[in-house]
Amino acid sequence: MKKRLILLLLAAITALSMGACGKEAVETGRDNPKQSEDEIEKEKGQKEDRTEGSREEAGNGENRQETGEKEDAASSSGVRLGGDFDEKYDGFSYLKCETLILKPDEYRGITEEKELKIFLPVGDYASVNENSGYADSRGVNMKVTLAPYLRWDDDEHTLEEDLAFDVEMNYDEFYRTEMYDLELSKIETTENGARCVAKYCYYDRWTDSYIPVYCTYYLTKVGDEKVLVEVEINMMDAADDMEKMLAELEEFYDFDIAWDAKEAQKKLDDFIAAGVPDTRRVSTGYLVFEIPKDWEADYSYGYEVNSYAPGGSVAEAGCGISITREYMGLDRLDITEMLSSQEAIDQYMADFQESTGYDMEDMKIEYYGSTCLGEAMIFTFMAEYEESKNEGAMFLITDENYFSVMIVTAFPDKFESTMEVAENILANGKMHQ
């Protein structure tokens with residue numbers, strides 16, 4: 001039964017991977033994955049020109065002095081988060097008042113509708129969606145959430161514990177692969193809440209550049225409900241008058257927003273001086289690894305496997321790597337034990353060739369060793385598909401109840417370089433715990 005499961009799985013994977021080289025790609029429901037990523041980047045408002053600036057202590061003092069009269073007015077009139085003030089208040093030059101609405105939710109134990117007046121930066125990208133407000137202005141991307149969903153039992157934890165949990169989830173490397181040189185501060189207890197700062201260099205794959213980013217997280221309570229404020233600043237989009245807007249935000253929300261342009265530039269310079277990687281990080285959700293910067297995910301052949309190739313097309317590049325992982329349940333196996341004899345190997349290769357229907361030459365199976373996915377056997381061969389001749393390597397990997405397969409397929413002249421990428425993944429990839 002185990003053998004049959006593996007053969008069926010490998011036959012399906014190989015049909016997808018080996019048939020890709022030199023074959024015209026087939027359109028799927030996901031017509032243009034790059035387009036959706038472009039739209040995501042566009043929403044971030046990233047531009048090509050960097051804006052220099054500095055937020056040194058002296059500069060902060062000067063900016064606050066310029067807005068001192070308005071800050072005093074705001075303070076004396078109770079225009080603070082959670083305060084009782086007129087929504088028509090116009091004492092801020094860069095902010096506008098919005099109202100968050102928290103609707104009853106039996107599932108979360110919210111029994112009555114609540115409202116919270118907040119201030120958001122004035123900009124082209126600002127909106128409110130019930131209990132969340134968003135704004136993107138002058139290099140500042142901001143989100144304010146009334147009663148954020150942090151975790152199932154968040155009411156049983158302190159603000160500091162909840163913020164620590166949220167930040168840890170936000171910066172999980174298996175889901176935020178574009179971050180490099182990440183620095184996370186300790187959770188700081190403020191007068192009215194908890195604060196944390198993240199600093200990193202964001203890799204913009206469309207411009208092949210790194211952008212220093214500062215993110216400040218602030219969690220507080222207004223009445224019985226928690227409020228989460230997130231302020232992200234990137235050096236590429238920072239505007240000349242951003243400092244004045246930050247001063248107004250700090251006045252209303254009552255916490256320090258981290259930003260120092262000179263420090264951010266130094267962080268970038270130090271990162272580049274240490275050696276910019278010639279790869280980029282990607283994740284399958286359970287495995288994170290590096291691939292060359294000119295490689296992209298190839299979705300043309302479905303979603304059964306995670307496929308990668310130069311330019312995002314196995315067909316056009318003539319080479320690629322596919323990875324899949326299956327939970328075997330009660331059929332757990334050890335591939336090294338299963339293929340421990342030459343008789344078993346010979347029978348396996350014969351059965352495999354019959355199941356795929358390819359003309360194969362130079363087939364060989366041998367022990368490969370330990371990998372990030374488990375213990376592996378390597379199956380190498382030369383296969384003919386229609387008029388195309390491809391060289392292939394299949395890593396058969398088992399670890400507890402999982403069976404993983406990595407297939408390397410390429411035209412003969414590209415096989416060696418493609419194998420280097422695959423072996424780097426197996427040697428240095430990191431599994432999600």
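The paragraphs below lead through three parts of this predicted model: a run of hairpins, a helix with a buried face, and a small open sheet. Because the model is predicted, local features are described only at pLDDT of at least 70 and side-chain atom pairs count only at pLDDT 80 or more, while totals for chains, interfaces and linings use all residues. Residues are numbered from 1 along each chain as its sequence is written, and side-chain values use heavy atoms, with hydrogens and water left out.

A good place to begin is strand β4, residues 132–137; strands here are DSSP runs of E with at least two residues and helices are runs of H or I with at least four, numbered from the N terminus. Five of the six residues of β4 are buried, so the strand is largely enclosed by the rest of the structure, where buried means under 20% relative accessible area, exposed over 50% and partly exposed in between, with a 1.4 Å probe and protein chains only. Strand β3 (residues 125–129) pairs with β4 in the antiparallel sense over five bridges, pairing being counted if DSSP finds at least two bridges between two strands. Within this pair, Ala-126 has Ala-135 of β4 as its bridge partner, and the hairpin has two residues between its strands, with Glu-130 in the turn at a positive phi of about 55°. Strand β5 (residues 140–146) also pairs with β4 in the antiparallel sense, over six bridges, and Ser-137 stands opposite Val-140. The hairpin of β4 and β5 again has two residues between the strands, and Arg-138 takes a positive phi near 55°.

Further along the chain comes helix α5, residues 159–170. Its buried residues are Leu-159, Asp-162, Leu-163, Asp-166 and Val-167, and seen down the axis they fall within an arc of 130°, so they line one face of the helix; the arc is that of the directions from the helix axis to the C-beta atoms. The face of α5 turned away from this side carries the exposed residues Glu-168 and Met-169. Among the elements that cover the buried residues are β6 (179–184) and β8 (193–204), contact meaning heavy atoms within 4.5 Å.

Finally, three strands form an open sheet in the order β11-β12-β20, with antiparallel pairing. Its edge strands, β11 (279–283) and β20 (430–431), each pair on one side only. Between β11 and β12 (residues 287–292) there are five bridges, and Ser-283 has Val-288 in β12 as its bridge partner. Helix α11 (residues 415–428) packs on the sheet, where it touches β12 and β20.

Methods. Axes fitted to C-alpha atoms, helices over the stretch in contact; angles between N-to-C directions. Expected span 1.5 Å × (residues − 1).
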